[in-house]
Amino acid sequence: MQESRLKSICRHVSAVAGTAALLFAAGCRQDMQNQPKIFPQRGSEMFADHRGARPQALHTVARGQLETDSYFNTGVVIGANGYKEERNLMPFPVTLDVLRRGQERFNIYCTPCHSRVGNGLGEIVERGYKPAANLQDQVRQAQPVSHYFYVMTHGYGAMPDYSAQLIPADRWAVAAYIRALQLSQNATQTDVPAGAQVKNLKDVAAEENLPASYAQPWALPASAVQAYPAVTKEGTPGMAPANPADPMIRIPASNPAAPVAK
Ligand code: HEC
């Protein structure tokens, strides 16, 4: 009798203890529930700007964002006949910041071949690369602005593409800057506000006691190596002759078989 009462007390005690243990466990769980984390639409102490929702990491594409067929991404529209058409149209407004960005990117990626003024006689060309297109000639000036974007995206003949180095917005910025470069070399009095003076390079050279040749289009130095043979039917596009449509490109006479632009 004594023994059975003791047993029943013990049972009660252990039941109470068990319940308490359960309550205790629920009250302070030591699992991942309790780690610091970000709640939607709430701030966070973890980041310097105290924003819980983070801005998208640069140059990443989230699911559903990939969009490859817009004018912004391709530089072409599909015409009524089903062909790709280039347009003389920027997909966003050109501000001074856009031009500055374009200038910076152009000077990094394009001047080695096209030179700072875009005449196609950059340092690499002086060392034997195929003369790059003269962005100042009539052919290139007449091209729609999205043509430059397209060339940067896909390359052109001997020119490699720059789609890995330049995101689409940068390619457009460079295209806009090419237009600014063209204007810089061909501006007339009607392009500037009344009262402003357009100086021509010859006058600048005279004023600053520079040789007259300073104002001349420059030619490749005779030391420039023309790495491509005169017969260009075979070989890589890089071995094609300079485009004779480039009036400012002169191939050194040391390579008489190469075409000579006047
Ligand atoms: C490694 C040298 C090199 C670099 C760097 C280079 N280009 Fe070129 N580019 C060329 C050559 C060479 C041609 C002429 C291609 C041909 O005729 O085979 C050319 C042609 C062009 C043309 C003319 C296409 C046409 O329709 O005639 C444009 C526009 C152009 N490049 C823009 C750019 C821009 C913008 C950059 C910088 C993002 C750039 N290039 C960087 C070598 C280069």
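The shell of residues around the ligand in this predicted model divides into 19 nonpolar, 3 polar and 2 charged residues. In total, 24 residues surround the ligand, and the closest of them are Cys110, Cys113, Ala132, Gly157 and Met159. Two elements, helix 4 (111-114) and helix 7, each give two or more residues to this shell.

With the ligand located, it helps to step back and take in the whole chain. The protein has 9 helices and 2 strands, and if one reads along the sequence, these elements follow the pattern α-α-β-β-α-α-α-α-α-α-α. Of its 262 residues, 18% count as buried. Among the contacts in the protein with a separation of 6 or more, 53% are accounted for by residues 24 or more positions apart.

Helix 7 (145-154), already met at the ligand, also belongs to the story of the interior. Along this helix, Ser146, Tyr148, Phe149, Tyr150, Val151 and Met152 are buried, and what covers these buried residues includes strand 1 (76-78), strand 2 (84-86) and helix 8. Just after helix 7 comes Gly155, which takes a positive phi of about 80°.

Helix 8 (168-186) is the next element to follow. It has 19 residues and reaches 27 Å from its first C-alpha to its last, which is close to the 27 Å expected at 1.5 Å a residue. Its buried residues are Arg171, Trp172, Ala173, Val174, Ala175, Ala176, Tyr177, Ile178 and Leu181, and the elements that cover them include helix 3 and helix 7.

Which residues have the most contacts inside the largest nonpolar core? This core has 25 residues, and those with the most contacts inside it are Val174, Ala175, Tyr177 and Ile178. Helix 3 (96-109), helix 7 and helix 8 each supply at least two residues of the core, and helix 8 gives the most, with 8 residues. If residues up to four places away in sequence are left out of the count, Ile178 touches Gly118, Leu135 and Tyr148; Tyr148 is itself one of the buried residues of helix 7.

The loops deserve the same careful reading, and Tyr129 is a good place to begin. This residue is found in the loop between helix 5 (123-126) and helix 6 (138-142), yet Tyr129 counts as buried because it has 20 C-beta neighbours inside 10 Å, and 20 is the number at which a residue begins to count as buried. Leaving aside residues up to four places away in sequence, Tyr129 touches Cys113 and Ile124. The C-alpha atoms of Tyr129 and Met159 are separated by 9.9 Å, although these two residues are 30 residues apart along the chain. Both Cys113 and Met159 are listed among the residues closest to the ligand.

Two further loop residues can be read as a pair through their backbone angles. Most residues other than glycine have a negative phi. His59, however, has a phi near 65°, and Ser115 has a phi near 75°, each a positive value in a residue other than glycine. Their places in the chain can be given in turn: His59 is in the loop between helix 1 (2-27) and helix 2 (71-74), whereas Ser115 is in the loop between helix 4 and helix 5.

Are these two residues buried or exposed? His59 counts as exposed because it has 6 C-beta neighbours inside 10 Å, while Ser115 is buried because 21 other C-beta atoms lie within 10 Å.

Terms used
Residues are numbered from 1 along each chain as its sequence is written. This is a predicted model: local features need pLDDT of at least 70, side-chain atom pairs count only at pLDDT 80 or more; totals for chains, interfaces and linings use all residues. A nonpolar core is a set of buried Ala, Val, Leu, Ile, Met, Phe, Trp, Tyr and Cys residues joined through C-beta atoms within 7 Å. A residue is buried if 20 or more other C-beta atoms lie within 10 Å of its own, exposed if 12 or fewer, and partly exposed in between; C-beta atoms are placed from the backbone. Helices (H or I, at least four residues) and strands (E, at least two) are DSSP runs, numbered from the N terminus. Two residues are in contact if their C-beta atoms, placed from the backbone, lie within 7 Å. A residue is near a molecule or strand if its C-beta atom, placed from the backbone, lies within 6 Å of it. Ala, Val, Leu, Ile, Met, Phe, Trp, Tyr, Cys and Pro count as nonpolar, Asp, Glu, Lys and Arg as charged, and the others, Gly among them, as polar. The expected span of a helix is 1.5 Å times one less than its number of residues.
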